[in-house]
2 protein chains.
Amino acid sequence: MSSSAGTRNSILLSEYLLSRLEQLNVPVIQGVPGDYSLGLLSQFLDHHAKSGSKQNHGINGKAPEWIGNANELNATYSADGLARVLGPQRPSVVVTTMGVGELSAANGIAGCYSERIPVIHIVGTPTSSAQEHGLLLHHTLGDHKFVAFGQIARQITAAQLDFALLKREGRMQLMEKDSEGTGEDAARELDRILEVCVRQALPVYIALPSDLVHFPLPASCKHRLTEQSLQTGFSPNKADSEAYVLRVITDKVTNAKCPVILVDACTLRHNVVKETRALVASSGLPIFTTPMGKTAVDESDANPQYGGVYIGSISSPEVKEVIEEKADLIIAIGTLQSDFNTGNFSYRTRRESTIELHSDRICVAFATYEGVRMKGLLPKLTDALKKHGRQRLEKTEELLRVARRIPTFNNKLPTPQEELSTFTHEQIGAMGGSQSVTSSIISQAYLWPRVGQFLRPGDRVIGETGTSAFGLMEVRFPRDAQFLAQVLWGSIGWSCPATLGVSLGMRELTKQGDAAAKQGRTILFIGDGSLQLTLQEIGTMIRQGLTPLIFVLNNDGYEIERQIHGAEASYNDIQPYNHSLLLDLLRPPPNYRRPTNPSHASDPEMSKTAYHATHTKAELHALLKDEEFNKADKCTLVEVFMPRGDAPAALRRQAEMSSSTNA
Amino acid sequence: MSSSAGTRNSILLSEYLLSRLEQLNVPVIQGVPGDYSLGLLSQFLDHHAKSGSKQNHGINGKAPEWIGNANELNATYSADGLARVLGPQRPSVVVTTMGVGELSAANGIAGCYSERIPVIHIVGTPTSSAQEHGLLLHHTLGDHKFVAFGQIARQITAAQLDFALLKREGRMQLMEKDSEGTGEDAARELDRILEVCVRQALPVYIALPSDLVHFPLPASCKHRLTEQSLQTGFSPNKADSEAYVLRVITDKVTNAKCPVILVDACTLRHNVVKETRALVASSGLPIFTTPMGKTAVDESDANPQYGGVYIGSISSPEVKEVIEEKADLIIAIGTLQSDFNTGNFSYRTRRESTIELHSDRICVAFATYEGVRMKGLLPKLTDALKKHGRQRLEKTEELLRVARRIPTFNNKLPTPQEELSTFTHEQIGAMGGSQSVTSSIISQAYLWPRVGQFLRPGDRVIGETGTSAFGLMEVRFPRDAQFLAQVLWGSIGWSCPATLGVSLGMRELTKQGDAAAKQGRTILFIGDGSLQLTLQEIGTMIRQGLTPLIFVLNNDGYEIERQIHGAEASYNDIQPYNHSLLLDLLRPPPNYRRPTNPSHASDPEMSKTAYHATHTKAELHALLKDEEFNKADKCTLVEVFMPRGDAPAALRRQAEMSSSTNA
């Protein structure tokens, strides 16, 4: 069936899908081609080529662009990073091929489920008739069945749609001599899936047989596209229950001596960042964040209400003191109490003095108010707390004088004594004595505040789970900067491909005129161990002309594992790489001549690349001050040589606790 | 709980597991460490260290060695390759961590299910009590549940065992003040799982909570280890049904004018290679193989009965003629009729003249004899057909004179005219004219017979799905050489890490005195597109001192996809790499000094490496003749520059058919 199938009024299923993706402002589609998805990919190219013309059913006339990744797992990690930058109402899209492709993507999709990231996973499958006949095709389990992959998807996505099943149920049939089908159900089901993805901020799964790519949906579906927009927002709260909860909360705040706000993951995931910032501004209350809520609110000097990061017993003593001893009411927004987000469940807060605002319910002390959503409640709370905002702000500034004594709070470099205290005598000896440690070696204690001084407004900073993410938690970020990490799912290797997605997101936001994105840089911190899992995705960054700054902390192996168990065990060792060659490997050799191919005409220009090795504080300091380097106009790899056995303070504490939890 | 738990007579669960793996002759355990599996990995190291001592419960006193991979998917691909080399009775083992690690491994495990490869996947999970309490731990889906991952494993493994569930059911309880548990069920279940893996040649899944690594099994389990060996073989056939089937088959053979044997995948997978070779020798019948059965029987000059590869309509006309027109009886051993194994289901054989021998049943024409297994039947058939073997051999030689006319059959280089005929006029023009094509350009038509001439006895040759595997199908292999490809599952990127497993397998076989393995080399053929997905595993090969020859066919993108759909479409393009840097990237820089660490003392010495670029026939020819190169004593990468748009004849024909199947 060619793409010219259907009557003048019909619309191909793939066209319908692409138009909906356009309406959702999807800028790019990522993945790896496979023979069951090639037909769909061809439709993407066609659709992209005629974007903006009359044949285009999208709203903004900007069709998504195809980005080929180095492998499928990397594609999902990149999709994850992209969705985090574009915000909760703009899902990412990944296309893979049945079996081999989709299972390679499984870890990345599950990560999006765990971390609440909206990703649409479209899988190209064999023709519906090949599936009905149970043909023993390649990319199958050799059992003539096609159900296993959908069963797997059910475990790691919020909703699933297999068009082969719709067809088998008779809900997609060609009428009038192959010209137009009964496809209202197909369109309706597709819309439902897309709405679940965006509204719940969770991944969804779509299996599309290669023959149905060209299935002609009837004219009614074409109208549906323009007349029935996707319902991606939550419905408003019921007035009576909302008003009741609002009164309960404002009473609590009024009666409390020291109420504080704690901003967590779902603030970002469920689209209440603006509402939360408004509440902070109007209420004058002190705010803290968890690791997963970090940078949801302004933590720069410009915000006198910011108190730091609360991670239970891992927190700085000054933060612990405020939250656990002074505060008598905690308004926790978008709470997600996982082990790494709570200092291994070491919160010392009392439920009777905690209010939790969730996307689907509000909890006040021991009472749960189901169906009252924070999205609707927050603006009302903002209004209600405006009245005494100014008085509260004064009290907040008074209170936070304590928290502001935290050395890391202002990205202050450690004194020699502080730096030495992070090592054992044996370690100091092995590194050449205390003089060497404080004058030259790049310690964790030195690195992170120095990084904090380096950051500038608008930067997006990705931290790999491990040394990097734990180190970044102790850094105070400038205005409009964003911290990204996979604190809950914690899949090793995530951050490198996620950096591709973040860079693509920054490019998209910049195109749309976002000033912070235009000013900001994409910056990755990753260890030498983690980098090995997914390093090839840097090639895609170069191919796309993207210019992230990639800091590879080379401490000779899996340091987070060493901190937890087996400090000297060989299973925590890795093959050492010569990172100076990585960027040059991932681009064409100097004499390379690209084959003449019209399809390359629209390719972006490849990035220039640069590699820097830093062995000492002085080298790192000079580089971070370098004007050329700070432009971030190349894809840049900075290898930071750091001693083995060293770790940020928060990671040391977490590792001790994880170790005993696992015993 | 420390490893000193338990009484003198008890045995730790991890010790029991490791002893069983030793009894199964598992040489290495592969994977990536994660905090939920670190305790288990420590036990591996301990067990390995005391291997051979009295404390060791294994039979051969050779404990498996830990090999850390670059990522989990690669670990499973390597395990797959290893199991293919060691044969069906020696499973591979992969260890990952819950959620993130095991899902990254899912595609590789599913591939083993599809292709019938025995792999034991052990997943380190959180403590049984953390799971019972539903703690919101890292590496979970954030839903307080731990069931999703087991549900996924059910879809892609033959059997599953979660010790956390056994514990919850009260089947693993500590008695006598923490010293010895009720663990007979645990040992029995574990044995069952291992038996399923080996007997069915399928992957299995074991979830082991970090606390139960040190669970003390009672003394009875210690005795079980030595007194009750694992039942990994099939029980013999029932005498009456076997005798009946034998008579039916021998009658058919006696009455046939031209019976032939067709050797397929399950000959290798279900451990009847020796039996099949004996049948071939005794019967004197002509033999052909399918792509998946290739090299199960000797196809060298020394075997006058070998007729070639049958792939339905993709076969050479001479092979087609014998199988489809001359043969009036086909004895198909270990049949697996998938699309890529049958020329897209284009067999022209008749069921009434086909006998299928399977691992669990025999089919003669339209009759199925359930429960009669080829393993027991084959030796009897060999005896029964011995009588007229010599006469049949004469007829076979006569018959195969036809098949032996096939140009590729003797790895004969193409004539200039034959080579030119594989290109269109446009392609020849673009490559600089016919003179340039025949004299210098490395075409597919030239490459594969040249590779055939290069191979020597004992070589193991891995072909990536695509150009490489289809090209190798047309090569005649020397004695004791093995062809390995993922013909059914066909996951892009599989072959590079599989090469690690194959090399490890060759090392193991050589240690055991296998002469063919000692003589043979490990040789990979992979495309530039496929290599990108998994290239980091070459670092593990270097780290392990392995010396494969890696041929990277650089034809500028995904050629197999181009052949199927979108010859000029941008989604089939890739980022070009500078492959000359790859090996040097994946080893330490010249000035690298390894940290002093006692755990490194037993590390193998890293391989030397070498890179060669070949742009012309002359360059490739010279290299393949080079004595130093032929030693294969370095980890070597040969980049073979080939024109885009070129493909082996078999792939062209398969691609045309796949393209229309997908429409």
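Me: How many salt bridges are counted between domain 2 of chain A and domain 3 of chain A?

Reply: In this predicted model, a pair qualifies when a side-chain nitrogen of Lys or Arg lies within 4 Å of a carboxyl oxygen of Asp or Glu. A:D301 and A:R476 meet that rule, with their closest N and O atoms 3.2 Å apart. Between domain 2 of chain A and domain 3 of chain A the count is one salt bridge.

Me: How many residue pairs are in polar contact across the interface of domain 2 of chain A and domain 3 of chain A?

Reply: The side of domain 2 of chain A that touches domain 3 of chain A is made up of eight nonpolar, nine polar and seven charged residues. Across this interface, with both partners at pLDDT 80 or more, the residue pairs in polar contact number eight.

Me: Which three residues of domain 2 of chain A supply more than any other three of the area it buries against domain 3 of chain A?

Reply: The centres of the two domains, taken over C-alpha atoms, are separated by 30 Å, and their contact takes 24 residues from domain 2 of chain A and 21 residues from domain 3 of chain A. Together the two domains bury about 1900 Å², of which 59% is on carbon and sulfur atoms. On the side of domain 2 of chain A, 35% of the buried area is supplied by A:K294, A:I314 and A:F340.

Me: What area do chain B and chain A bury between them?

Reply: The size of an interface is often given as the accessible area lost when the parts come together. Here the contact takes 101 residues from chain B and 101 residues from chain A, and in chain B the residues that lose the most area are B:Y571, B:Q575 and B:L585, together 9% of what that side buries. With 59% of it on carbon and sulfur atoms, the area buried between the two chains is about 8300 Å².

Me: How many salt bridges does the rule find across the interface of chain B and chain A?

Reply: The side of chain B that touches chain A has 14 charged residues, beside 50 nonpolar and 37 polar ones. Polar contact is found there for 37 residue pairs, both members at pLDDT 80 or more. Although the structure holds 62 salt bridges over all chains, the number found across the interface of chain B and chain A is zero.

Me: Which helix gives the largest share of the side of chain B that touches chain A?

Reply: With zero salt bridges found across the interface of chain B and chain A, one may ask instead which element supplies its residues. Six residues of that side come from a single helix, the largest share, and this is helix 7 (residues 148–156) of chain B.

Me: Which residue of chain B has the C-alpha nearest the axis?

Reply: A turn of 180 degrees with a shift of 0.0 Å along the axis lays chain B on chain A with an RMSD of 0.0 Å, which means that the two are related by a two-fold axis. The same surface serves both copies, since 100% of the contact residues of chain B recur in chain A. At 2.6 Å from the axis, the nearest C-alpha in chain B is that of B:I152.

Terms used. Residues numbered from 1 in each chain as written. Chains lettered and ligands numbered in written order. Predicted model: local features only at pLDDT ≥ 70, side-chain atom pairs only at ≥ 80, totals over all residues. Heavy atoms only, no water. Contact = heavy atoms within 4.5 Å. Buried area = accessible area lost by both parts, 1.4 Å probe. Polar contact = N/O pair within 3.5 Å; in protein donor to acceptor, adjacent residues only side chain to side chain. Helix = DSSP H or I, 4+ residues; strand = E, 2+ residues; numbered from the N terminus. Nonpolar A, V, L, I, M, F, W, Y, C, P; charged D, E, K, R; others polar. Domains from an automatic or database assignment. Least-squares fit on C-alpha atoms with pLDDT ≥ 70 in both.
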